[in-house]
Amino acid sequence: RTGWTKTYASFTDGAMSTITESSDGLTSDPWGYGEDFVYAVQEIWYGDTTDEIEITATRYVGCLRTEAGVSLHNLGTSYVAASGELSETRIEPPQTYLNPAGSTEDWTISFTLINEGDLGSSATPVSGDYFNLGLEEISVASGSYEAWHISSTYQMVLDVIFPPLIVSADFWYAEDIGVIREIHIDTATGGTMLSRELVSID
């Protein structure tokens with residue numbers, strides 16, 4: 001659905017921040033991946049206060065119709081930093097992050113995370129597995145929900161000289177809302193790399 005605004009408390013790169021998301025509705029496929037339709041989601045990343053905007057971004061969500069329903073794919077994100085630098089991250093090829101509602105299947109991912117922008121470029125191979133753990137109750141700052149729990153283990157090859165970064169991740173999705181909570185843990189150190197939790201939805 002469209003016409004919503006969601007606010008998340010986020011922990012990224014060792015710092016807490018606030019992220020707001022709002023829907024821009026249907027848009028064209030920016031990289032020509034061949035999705036049946038594509039939604040644009042506007043994101044604003046704030047600093048220490050909501051008066052300090054650090055990043056404005058547009059995230060693209062692809063949708064493919066299957067016999068079982070519609071699967072959702074990550075396509076990529078374009079960014080504008082407060083200092084003016086432009087960049088984009090695209091996922092090649094697009095990867096499923098949520099199977100059709102009611103599906104009980106697990107799935108695998110394998111893609112290259114391509115970053116291009118004013119400050120340089122990189123290409124990071126990513127692969128792993130997603131496991132469907134079914135519906136469960138979860139409580140976050142915005143309330144309690146029956147959410148679809150997806151667990152994942154994936155690896156990122158950041159440098160061919162060093163071992164890959166192996167990450168354990170968990171996601172909870174509620175119907176008609178989207179992600180309620182997610183957390184990514186570095187399995188080597190046990191440290192939290194990224195987390196976010198829904199604070200409010202309007």
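This is a short walk through one barrel structure, from its overall layout down to two residues.

Hi everyone, thanks for coming. A quick reminder before we look around: this is a predicted model.

Let's start with the overall layout. What you see is a closed barrel of twelve strands, in the order 1-2-3-4-5-6-7-8-9-10-11-12, and the pairing is antiparallel. If you ignore direction, neighbouring strands of this sheet are turned against each other by 25 degrees on average.

Now let's zoom in on strand 6, and take its two partners in turn. On one side we have strand 5, residues 69-81, which pairs with strand 6 in the antiparallel sense over eight bridges. One pair to find on your screen is N74, whose bridge partner in strand 6 is Q95. Strands 5 and 6 form a hairpin, with four residues between them. Have a look at G84 in that turn, please: its phi is positive, at about 105 degrees.

On to the other partner, strand 7. Strands 6 and 7 also run antiparallel, and six bridges join them. Two pairs are handy as landmarks here: S87 stands opposite G117 in strand 7, and I91 stands opposite L113 in strand 7.

One residue in strand 6 that I'd like to stop at is T89. Is T89 buried or exposed? T89 has a relative accessibility of 13%, and because the cut-off for buried is under 20%, T89 counts as buried. Which side chain does the T89 side chain make a polar contact with? That would be the side chain of N115, at 2.5 Å. Leaving out residues up to four places away in sequence, T89 touches W31, G76, T77, Y79, L113, I114 and N115. You'll recognise L113 from a moment ago, as the residue opposite I91.

Finally, the nonpolar side of things. The largest nonpolar core has 32 residues, and the members that touch the most other members are Y145, I150 and I180. Which elements give two or more residues to this core? They are strand 6 (86-98), strand 7 (107-117), strand 8 (120-140), strand 9 (143-156), strand 10 (165-174) and strand 11 (178-186). Strand 10 gives the largest share, seven residues.

Let me finish on Y145. Again not counting residues up to four places away in sequence, Y145 touches E136, E137, I138, V140, A174, I177, I180 and L198. So if you click on Y145, you'll find I180 among its contacts, and both are on that list of members touching the most others.

That's my tour, thanks for listening!

Conventions
Residues are numbered from 1 along each chain as its sequence is written. This is a predicted model: local features need pLDDT of at least 70, side-chain atom pairs count only at pLDDT 80 or more; totals for chains, interfaces and linings use all residues. Side-chain values use heavy atoms; hydrogens and water are left out. A nonpolar core is a set of buried Ala, Val, Leu, Ile, Met, Phe, Trp, Tyr and Cys residues joined through side-chain atoms within 4.5 Å. Buried means under 20% relative accessible area, exposed over 50%, partly exposed in between (1.4 Å probe, protein chains only). Contact means heavy atoms within 4.5 Å. Two strands pair if DSSP finds at least two bridges between them. Axes are lines fitted to C-alpha atoms, for helices over the stretch in contact, and angles run from 0 to 180 degrees between N-to-C directions. A polar contact is a pair of N or O atoms within 3.5 Å; within protein, one must be able to donate a hydrogen and the other to accept it, and residues adjacent in sequence count only if both atoms are side-chain atoms.
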